[in-house]
Amino acid sequence: MRLEQLEYVRAVSEQGSLRRAGEHLHVSLPALSEAVTKLERELGVTLVDRHRSGTRINGTGRELLPRILEVLDAVDRLRAAARGESQFHRPTRVGSVYFGVTALVLPALRGHELDHEHTSVDLRQLRHGEVRDGLRDGSLDLGLVTLLPGDDVHPDLVATELFHGRPVAVLPADHPLAERATVTVDDLRQEVFVGARPGYLMHRVAHRVFGDSPPLKWHTADSADVCQQMVSSGIGVSLMPDFTSFDLREASTRLAFRPIEDEGTVIRMALLRRRGARPTKAAQDLHDLLVHHATRYVSEPA
């Protein structure tokens, strides 16, 4: 039995098929199939069902998956120990989407409430899928993601919902719409819009807000901070969750944030951990601190 065989089974479960697992791992389909078949022979069970329509993990594979993840997790801990990493001086690895960084992680760290003698943070700004994958493969301790109604959390992960908000319009401070208390979706449709690329939460939010009638001119950028820079430069208008604008107001006088009339999209901020993982004391302390700081958005909404 080889570790990569266990990694392959995990990838088939995550990706939903043998083909997609091969694409994700950059392993040829024949090589991946042969490795899984050899593992099945060694274990004496069938882990995947093979059909003309594709190869997917079966019930036996799903039952054994937690054991497979335990083995892979133990290997991760062994490697960490070999590198001399301990719970006292290994950084707590946090993966977060942009809005989690600005709305929660940075304000929490600014509070200097952690035991900094034993706690340091390795903060990585990632996309949702990268946070999920990092938690599942053990390269992250904590993850912050934003979710829309209908989004599911992977069964290998445990989610704690921290707070929720709604999209607001982001405008140049001297824009005529900034003189109003609220704006409408139709108002925004008449403007040059600055949005995120496909794959980012705010790209999905924008399509929910505008529906089948998007703005006629739509710029895209790779990150929310670039979108904000474009807006503050007067290039166009944008959207972001209202809970992020709380911190940006303190840092920028060139942006204005206005509620959108009759817009009911809910954006949830969730803190993720791997199910069954044993957190270090530092990771648990940071988890508790983030939960504590999240209460300010419940009591003092942006």
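**Packing around α6, the α2/α3 pair and Leu-142**

The cover over the buried residues of helix α6 includes α1 (3-15), α2, β3 (92-96), β5 (142-147), β6 (157-165) and β12 (267-274). Helix α6 itself spans residues 128-136, and its buried residues are Val-131, Asp-133, Gly-134, Leu-135 and Arg-136. Just after α6, Gly-138 adopts a positive phi of about 85°. These features are taken from a predicted model.

The protein chain has 302 residues, of which 46% count as buried. Its secondary structure amounts to 11 helices and 12 strands. Of the contacts in the protein chain that link residues at least 6 apart in sequence, 76% are between residues at least 24 apart. The chain has an accessible surface of about 15400 Å², and carbon and sulfur atoms account for 50% of that area.

Helix α2, one of the elements covering α6, also packs against helix α3. The two helices comprise residues 18-25 and residues 29-43 respectively, and their axes lie 9 Å apart at an angle of about 110°. Because of this angle, α2 is roughly perpendicular to α3. The crossing of the two helices is right-handed. On the α2 side, the contact is formed by Leu-18, Arg-19, Ala-21, Gly-22 and Leu-25, while α3 contributes Leu-29, Leu-32, Ser-33 and Val-36. By residue class, this contact of α2 with α3 comprises 6 nonpolar, 2 polar and 1 charged.

Strand β5 is likewise among the elements that cover the buried residues of α6, and Leu-142 is found in this strand. Leu-142 has a relative accessible area of 1% and is therefore buried, the cut-off being under 20%. Beyond its neighbours within four places in sequence, Leu-142 is in contact with Leu-135, which is one of the buried residues of α6. Contacts of Leu-142 also include Thr-92, Arg-93, Val-94 and Gly-95; strand β3 covers residues 92-96. Leu-271, Leu-272 and Arg-273 are further contacts of Leu-142, and strand β12 runs over 267-274. The remaining partners of Leu-142 are Ala-283, Leu-286, His-287 and Leu-290. In the case of Arg-93, the separation from Leu-142 is 49 residues in sequence, whereas the C-alpha to C-alpha distance is 6.6 Å.

Definitions and conventions. Residues numbered from 1 in each chain as written. Predicted model: local features only at pLDDT ≥ 70, side-chain atom pairs only at ≥ 80, totals over all residues. Heavy atoms only, no water. Helix = DSSP H or I, 4+ residues; strand = E, 2+ residues; numbered from the N terminus. Buried < 20%, exposed > 50% of the residue type's maximum accessible area, 1.4 Å probe, protein only. Contact = heavy atoms within 4.5 Å. Areas by Shrake-Rupley, 256 points an atom, 1.4 Å probe, with all protein chains shown as cover. Axes fitted to C-alpha atoms, helices over the stretch in contact; angles between N-to-C directions. Parallel < 35°, antiparallel > 145°, perpendicular 65-115°, else oblique. Left-handed = near helix turned anticlockwise from the far one by under 90°. Nonpolar A, V, L, I, M, F, W, Y, C, P; charged D, E, K, R; others polar.
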